[in-house]
Amino acid sequence: MFIDEKYGLMSSYEELAILKELDNKMRAHRCAEIGCRELIPLRWDYCDKHYQLRMQKYIKAKQISNETKAKTLRGQRELAEQTKVYDKGRRYELHDGFYQSKQWTRVSEFVKQRDGYCDAIDGNLWDKGDLIVDHIIPRRLLSKSEQLDTENLWLLTKRQHNHKTAVESKLNENVLKHAGRNWWINVLSSSKV
Ligand SMILES: [Zn+2]
């Protein structure tokens, strides 16, 4: 008999192993894509591969619908309104004091050093002043502590940052919350501009 920190009194290592395996099984389920047997955490619906595929499909459809919209006057007004709302959010972000805070100065300096002053998209080396520490998931969609999470921060050049901001203004919050690193690299890499 022994005591495991998490599971308490155990009769044997076999018992512990069984409990751990059960626990893992309960924490995972299969990807929702028909035919896919990938085991994934409970809070996800799809495995990474199928998630990316669905995401690309969604964005593509969204782009097509935006292009169709742009052809009608009403659609143009809607798109302009969407951009206006987004710009307002951006302006608010820039002036609420976050980027002047001590924590941000420290965290952003850390990210620059961690990433060796290279942009996250093409991996080129830049001067300190040419790089922007960017929230991959936009800051306005995050809680206070998440805003300083370095996992969500990376370095972009001004040009890449402008491009990302322009794309962000066309996507809804749900998409923005889920668009990950790889998706953005795909969208922003200079071979596609
Ligand atoms: Zn899958």
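User: Is Leu 142 buried, exposed or partly exposed, and why?

Analyst: Good place to start! This is a predicted model, and burial is judged by counting neighbours: 20 or more other C-beta atoms within 10 Å makes a residue buried, and 12 or fewer makes a residue exposed. Leu 142 has 15 other C-beta atoms within 10 Å, so Leu 142 is partly exposed.

User: Where does Leu 142 sit, and which residues does Leu 142 touch?

Analyst: Look in the loop between strand 5 (131–135) and helix 5 (144–147). Setting aside residues up to four places away in sequence, Leu 142 touches Ile 137 and Gln 147. You can also find Lys 177, which is 35 residues away along the chain, with its C-alpha atom 8.9 Å from that of Leu 142.

User: Which residues make up the largest nonpolar core?

Analyst: A nonpolar core joins buried residues such as Ala, Leu, Ile and Trp. Here the largest one has ten residues, including Ile 121, Trp 154, Leu 156 and Leu 188. Strand 6 (153–157) and helix 8 (181–188) each supply at least two of them, and strand 6 gives the most, with four. Try Ile 121: beyond its neighbours within four places in sequence, Ile 121 is in contact with Leu 156, Gln 160, Ile 185, Leu 188 and Ser 189.

User: How many residues of helix 3 are buried, and what should its span be?

Analyst: Zero of its 22 residues are buried, so helix 3 is hardly covered. At 1.5 Å a residue, helix 3 (residues 73–94) should span 32 Å, and its end C-alpha atoms are 32 Å apart, which agrees.

User: How is the chain divided?

Analyst: The chain has domain 1 (2–30) and domain 2 (72–192), and their C-alpha centres lie 41 Å apart.

Technical notes: Residues are numbered from 1 along each chain as its sequence is written. This is a predicted model: local features need pLDDT of at least 70, side-chain atom pairs count only at pLDDT 80 or more; totals for chains, interfaces and linings use all residues. A nonpolar core is a set of buried Ala, Val, Leu, Ile, Met, Phe, Trp, Tyr and Cys residues joined through C-beta atoms within 7 Å. Helices (H or I, at least four residues) and strands (E, at least two) are DSSP runs, numbered from the N terminus. Two residues are in contact if their C-beta atoms, placed from the backbone, lie within 7 Å. Domain bounds come from an automatic or database domain assignment. The expected span of a helix is 1.5 Å times one less than its number of residues.
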